[in-house]
Amino acid sequence: MKISYNWIKTYLKINLSAEETGKILTDCGLEVESIELVSTVKGGLNGIVIGEVKTKEKHPDADRLSVTTVDIGTGALLNIVCGAANVAAGQKVLVATIGSTLYPTNGDPFEIKKSKIRGQPSEAMICAEDEIGLGTSHEGIVVLDNSASIGMPAKEYFKLEDDYIFEIGLTPNRADAASHVGVARDLSAYLNYQALLNSTKPLTLELPNVNGFTNDSNDKKIDAIVEDTAACPRYSGITIRGVKVSESPDWLKNRLTTIGLKPINNIVDITNFVLHELGQPLHAFDADKITGEKVIIKKVPAKTKFKTLDGIERELNNEDLMICNVTDPMCIAGVYGGVDSGITEKTTTIFLESAYFDSVHIRKTSKRHGLKTDASFRFERGTDPNITVYALKRAAMLIREIAGGQISSEVIDVYPAKIEPFKVGLSYKNCADFIGKEIDKKIIKNILVSLGIEIITEGTDALMLAVPPFKVDVKREVDIIEEVLRIYGYNNVDIPSAVHSSLSYSEKPDPEKIQDTIADLLSNNGFGEIMTNSLTKSDYYSNLSFTNPAELISILNPLSSDLNIMRRVLLFNGLEAISYNINRKNNDLKLYEFGKTYLKTTEGKYIENKHLALFATGRKEAESWNSKYHTTTFYSLKGSVEVVLKRLGLIELKFETSHHDLLTENLTGYSGKKQVVSFGKVKSNLLKSFDIKQEVYYADFNWDNILELIKKQKFEYKEIPKFPSVRRDLALLLDRSVSFEQLEQIAYQTERKLLKEVRIFDVYEGNKLEAGKKSYAISFTLLDDNETLTDKQIEKIMERLMKAYVEKTGATIR
């Protein structure tokens, strides 16, 4: 939600900086996610001053150009070449000086530089309105009134004002703050609490005055009939005739544009202004299109067709509340208007609606139709039923002032059952118990009153309060305490010196938590967890060089020859599971298992090691009509391995290729001398023994080593980079013996500071290359944490990288 600081200051006379105000709002529970400086005109017309054209002569080498001299009050005349047909001596004009940046209405910003145009020097630029964002016309330069002062900044001449926009992350329970007045109310409560502490004069929240409201006549009354009072407890309206629909005045357009709204016309803009001012949505109908001069609030039959303002015909539900005339629906109540009853340039009479709708009805309708509007945002959370008439009068007076016309009816107000304030009792003792600190009673009462909560009765130990209905989430004593605490300040509650709790110690890092984290990660990436038997058959380990038969732990009384030893690796049990699934037509598998392996040392000691095994075979993704067939490859598994390692924080491993009894195309990752992971493609002869006819890829993580490494990790938190990264690509022709790992190491050795990532994104080996060669396409990501990289810096780095590759690998840059 965007809130304008200048707008806030129309209700509160304060002099705080935007940063101070943002901190106060955040402490009050309205989290300010960002503060942005904005101008009415983009760029704020900075660098543009008023000048007087002293002379104008025809350009000697161009028919459509003029050579002028312009006085901007510096004591020296500027030579400016101008292409506008309407430029003339004696005019007061807008001059963009050297170094200023212009923001055109249409197009990209550009900087004014000293130049020569067709041989003539040009030391500034005389501006047209579209070139500086003041309008859309490019028919000629802007000619100002002769009273304009030479040298005056254009920003002062046009009375532009800077503003700060707070982006507030409004939580669903804070419907009372979904407006500028709502935010000002919280700010006022905090500042009045501070005034009480400092014995200074309290602030007054100055709301718009509607005491001057009167109707001019009563000759265009439109009746309102509410058939469903549960969905619409209150409905107010008024008729205004003789209005002129046109463009809004600058002040109104500026208010809306600064908070990100596009001005439409004066009537619609006023309804949007009041919505963001008071939090009360309004809707304006073309009164001449209200058949029968009656507005009926009801639900219509299911499957009724209705075309909304966006031109889409929608099918209504029988639970959708509609604003209708005597024959047709005109508007989806609280959500979206209809195309047939909206305001157009031809509209002269309007019916202005201000209503209180049930939040549940609006939320369901909005969700059903996928319509999210500023109005539905507020109605869904709950608006104030007691300001419908006030908001109506505020808007009607603005319309009469801006669009002309006469208020031609009394206020219609259908409010059969008044919504009373919530009565809540507050015990001072309970307040102190919940907060953990006793707050002075005067402070509590000051905060409550500043927030609009009325004190009905007061005792020595408690208060009876009337909470206004706009505080939809404040209905219990604990809610009142929360209101007090957020204004008093959570940071003002002292941290107790004693801790009343039992302390428990858990090993750091927590092995179970780490395992659960990785299990969740793998499950979320399409892997299924398996748990296999720790017993297996000894035949699997025949003729394996890495296993000495004496290391195998045999079972004294095995149930069968298939379960006669403790497993040495997890691979064989996983292959059994894969074979079992493939035989039942489940060919596409991604599995993982946390399990222990067992061995016996030559000294007769028994050792248990924990491992994590990954298995992948078949399709890379599930079969689908909208995806191509991609089988699992070595690189698919490598990606999964890297994801696990990155989540564990083990990103600086050294990978080597080596002989492996069970795997081909394999890599082993080390941290120092500790083996962390080994992965690759399972050998075909091994798969054949399990009757598996498709490729299987396997990764084995030494979990015990991983936990030891994690204990030694030191975590450092860094800010998210403020400056953009840059990617550059190189295509290299290399000997086949050169590995990507070598290229990666060379890159990081060559550029240690700014190189953040090296990736290979294409490999080609074919008969189009000379024998023994291959082509790699590699990307390099560069980033400076302190500034934006320049092209010159990037080019130097890339030149050094290319030179290093040529010298160290004999590469050819393609």
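**Reading burial, salt bridges, helix faces and cavities**

Q: Does lysine 372 count as buried or exposed?

A: Exposure is read from relative accessible area, and the cut-off for exposed is over 50%. Lysine 372 counts as exposed because its relative accessibility is 63%. The model is predicted, and the values here are computed from it.

Q: What does the side chain of lysine 372 meet in a salt bridge?

A: Side chains of opposite charge can pair when their charged atoms come close. Here lysine 372 meets glutamate 380, with 3.4 Å from N to O. Glutamate 380 has a relative accessible area of 10%, so it is buried, whereas lysine 372 is exposed.

Q: Which residues are joined into one network by salt bridges that share partners?

A: A partner can take part in more than one salt bridge, and such bridges are read together. The network consists of Arg174, Asp176, Asp186, Lys471, Glu483 and Arg486.

Q: How many salt bridges does a search of the whole structure find?

A: The search finds 45. Two further cases show how to place a pair in the fold.

Q: Where do aspartate 250 and lysine 253 lie?

A: Start with the element, then the spacing. Both residues are in helix H5, three residues apart, which is about one turn of the helix. Their salt bridge has its closest N and O atoms 3.7 Å apart. Aspartate 250 counts as exposed at 52% relative accessibility, while lysine 253 is buried at 17%.

Q: Which parts does the pair of glutamate 315 and lysine 305 tie together?

A: The closest N and O atoms of this salt bridge are 3.0 Å apart. Glutamate 315 belongs to strand E19 (residues 313-315) and lysine 305 to strand E18 (residues 305-307), so the parts tied together are 10 residues apart in sequence. As for exposure, glutamate 315 is partly exposed at 43%, and lysine 305 is also partly exposed, at 48%.

Q: Which residues of helix H10 are buried?

A: To read a helix face, list the buried positions and then check their directions around the axis. In H10 (residues 428-435) the buried residues are Tyr428, Cys431, Ala432 and Ile435. These residues lie on the same side of H10 because they cover an arc of only 95° around the axis. Lys429 and Phe434 are exposed on the other side.

Q: What do the buried residues of H10 pack against?

A: They pack against two helices, H11 (441-450) and H12 (477-488), and against strands E26 (422-427), E27 (454-458) and E28 (462-467).

Q: What is the phi of arginine 118 near?

A: Look at the sign of phi and at the residue type. Arginine 118 has a positive phi near 50°, and it is a residue other than glycine. Its place is the loop between strand E9 (115-117) and strand E10 (120-122), and it counts as exposed at 55% relative accessibility. Glutamate 293 also has a positive phi, of about 50°, and is not a glycine. Glutamate 293 sits in the loop between strand E16 (282-286) and strand E17 (294-299), where it is partly exposed at 37%.

Q: Which residues line the largest cavity?

A: Read a cavity by volume, then lining, then residue class. The structure holds two cavities of 30 Å³ or more. The largest has about 90 Å³ of space, and its lining is Asn173, Arg174, Asp176, Lys471, Asp473, Val474, Asp479, Glu482 and Glu483. By class, this lining has seven charged residues, one polar and one nonpolar. Among the lining residues are Arg174, Asp176, Lys471 and Glu483, which also belong to the salt-bridge network.

Q: How do the residues lining the second largest cavity divide by class?

A: Five are nonpolar, three polar and one charged. The lining includes Lys42, Leu45, Ile48 and Tyr103, and the volume of this cavity is about 50 Å³.

Q: Which element gives the most to the lining of the second largest pocket?

A: A pocket is open, unlike a cavity, but the reading follows a similar order. Helix H5 gives the most, with seven residues. The second largest pocket has about 1100 Å³ of space. Its lining comprises 33 residues, and Thr40, Val41, Gly133, Asn254 and Thr257 lie nearest its centre. Strand E2 (32-39), strand E13 (162-168) and helix H5 (250-258) are the elements that give two or more residues to this lining. The lining divides into 12 nonpolar, 11 polar and 10 charged residues.

Notes. Residues numbered from 1 in each chain as written. Predicted model: local features only at pLDDT ≥ 70, side-chain atom pairs only at ≥ 80, totals over all residues. Heavy atoms only, no water. 1 Å grid on protein atoms, 1.4 Å probe; cavity = no way out; pocket = protein on both sides within 12 Å on 5 of 7 lines; lining within 4 Å. Points joined across faces, edges and corners; volume = space filled by probe spheres on them. Helix = DSSP H or I, 4+ residues; strand = E, 2+ residues; numbered from the N terminus. Nonpolar A, V, L, I, M, F, W, Y, C, P; charged D, E, K, R; others polar. Salt bridge = Lys/Arg side-chain N within 4 Å of Asp/Glu carboxyl O. Buried < 20%, exposed > 50% of the residue type's maximum accessible area, 1.4 Å probe, protein only. Arc of directions from axis to C-beta. Contact = heavy atoms within 4.5 Å.
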